[in-house]
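Work through the exercises below with the sequence and the 3D structure at hand. Try each task before you read its solution.

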Amino acid sequence: MDRLFVMIGALSGGIGVAAGAFGAHALKARLEPRMLEVFETGARYQMYHAIAMLAAAWIVTRFPGSLANASGWLFLAGTLLFSGSLYAMALTGVRALGAITPLGGVCFIAGWACLALAAMRAR
């Protein structure tokens, strides 16, 4: 699981950098400022949680168990739901997609909680 989480985290980090560059260069002239800000928020949180995936990979090797594994999967789900919905909303203008974003935020929070609990329960 640790190798998988490192691969996912590294891929997500690369995509986050690409999304940030895309937003800063290609979308700056095409999106209204508010939607550009939404896109940039998605890229920023994707980068934060790419690093969190790397932390989850480390925790899985150091304190193996279901909580450590859950943290990685929750960070992935959070990235797909949170950042993905923000990217889609900014690019399509469909603001209803913003209703999905909080589900990703809940996944992020749960992932951090699982990461903390995995470390706390370790012997």
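**Exercise 1. A salt bridge between loops**

Find the distance at which the side chains of Glu32 and Arg95 meet, and name the kind of contact they form.

Solution. The structure to examine is a predicted model, and the values used here are computed from it. Begin with the two side chains, those of Glu32 and Arg95, which meet at 3.4 Å, taken from N to O. A salt bridge requires a side-chain nitrogen of Lys or Arg within 4 Å of a carboxyl oxygen of Asp or Glu, so the pair Glu32 and Arg95 is a salt bridge.

Next, locate the partners along the chain: Glu32 is in the loop between helix H1 (2–26) and helix H2 (33–62), while Arg95 is in the loop between H3 and H4. The two residues are 63 residues apart, and the pair therefore links distant parts of the chain. Finally, look at the surroundings of Glu32, whose relative accessible area of 44% makes this residue partly exposed.

**Exercise 2. A salt bridge inside one helix**

How many salt bridges does the structure hold, and where do Arg34 and Glu37 lie?

Solution. The structure holds two salt bridges. One of them joins the side chains of Arg34 and Glu37, with a distance of 3.3 Å from N to O. Both Arg34 and Glu37 lie in helix H2, where they are three residues apart, which is about one turn of the helix.

To judge how accessible the partners are, recall that buried means under 20% relative accessible area and exposed means over 50%. Arg34, with a relative accessible area of 44%, is partly exposed, and Glu37, at 45% relative accessibility, also counts as partly exposed.

**Exercise 3. How the helices pack**

Decide, from the angle between their axes, whether H3 and H4 are roughly parallel or antiparallel, and then do the corresponding work for H1 with H2 and for H2 with H4.

Solution. Take H3 (residues 66–92) and H4 (residues 101–121) to begin with: their axes come within 7 Å and cross at roughly 160°. Because angles over 145 degrees count as roughly antiparallel, H3 is roughly antiparallel to H4. The crossing in which H3 passes H4 is left-handed. Sorted by class, the contact of H3 with H4 has 18 nonpolar, eight polar and one charged residues.

Turn now to H1 and H2, whose axes come within 8 Å and cross at roughly 160°. The reasoning used before applies again, and H1 and H2 are therefore roughly antiparallel to each other. H1 passes H2 in a left-handed crossing, and the contact of H1 with H2 has, by class, 18 nonpolar, eight polar and one charged residues.

The remaining pair is H2 and H4, which pack at an angle of about 25° with their axes 11 Å apart. Since angles under 35 degrees count as roughly parallel, H2 and H4 are roughly parallel to each other. Their crossing is left-handed.

**Exercise 4. The nonpolar core**

How many residues does the largest nonpolar core have, and which helix supplies the largest share of this core?

Solution. As background, nonpolar side chains in soluble globular proteins tend to be buried together. In this model the largest nonpolar core has 29 residues, and those with the most contacts inside it are Phe5, Leu31, Val38, Phe39, Ile59, Phe75 and Ala90. H1, H2, H3 and H4 each supply at least two residues of this core. The largest share, 11 residues, comes from H2.

**Exercise 5. Sequence and space**

How many Å separate the C-alpha atoms of Val106 and Leu74, and how many separate those of Thr92 and Leu4?

Solution. Start with Val106, which has its place in helix H4 and counts as exposed at 54% relative accessibility. Val106 and Leu74 are 32 residues apart in sequence, and their C-alpha atoms are 9.0 Å apart in space.

Continue with Thr92, which has its place in helix H3 and counts as exposed at 51% relative accessibility. The C-alpha atoms of Thr92 and Leu4 are separated by 32 Å, and the two residues are 88 residues apart along the chain.

Note on methods:
Residues numbered from 1 in each chain as written. Predicted model: local features only at pLDDT ≥ 70, side-chain atom pairs only at ≥ 80, totals over all residues. Heavy atoms only, no water. Axes fitted to C-alpha atoms, helices over the stretch in contact; angles between N-to-C directions. Helix = DSSP H or I, 4+ residues; strand = E, 2+ residues; numbered from the N terminus. Parallel < 35°, antiparallel > 145°, perpendicular 65-115°, else oblique. Left-handed = near helix turned anticlockwise from the far one by under 90°. Nonpolar A, V, L, I, M, F, W, Y, C, P; charged D, E, K, R; others polar. Buried < 20%, exposed > 50% of the residue type's maximum accessible area, 1.4 Å probe, protein only. Core = buried A, V, L, I, M, F, W, Y, C linked by side-chain atoms within 4.5 Å.
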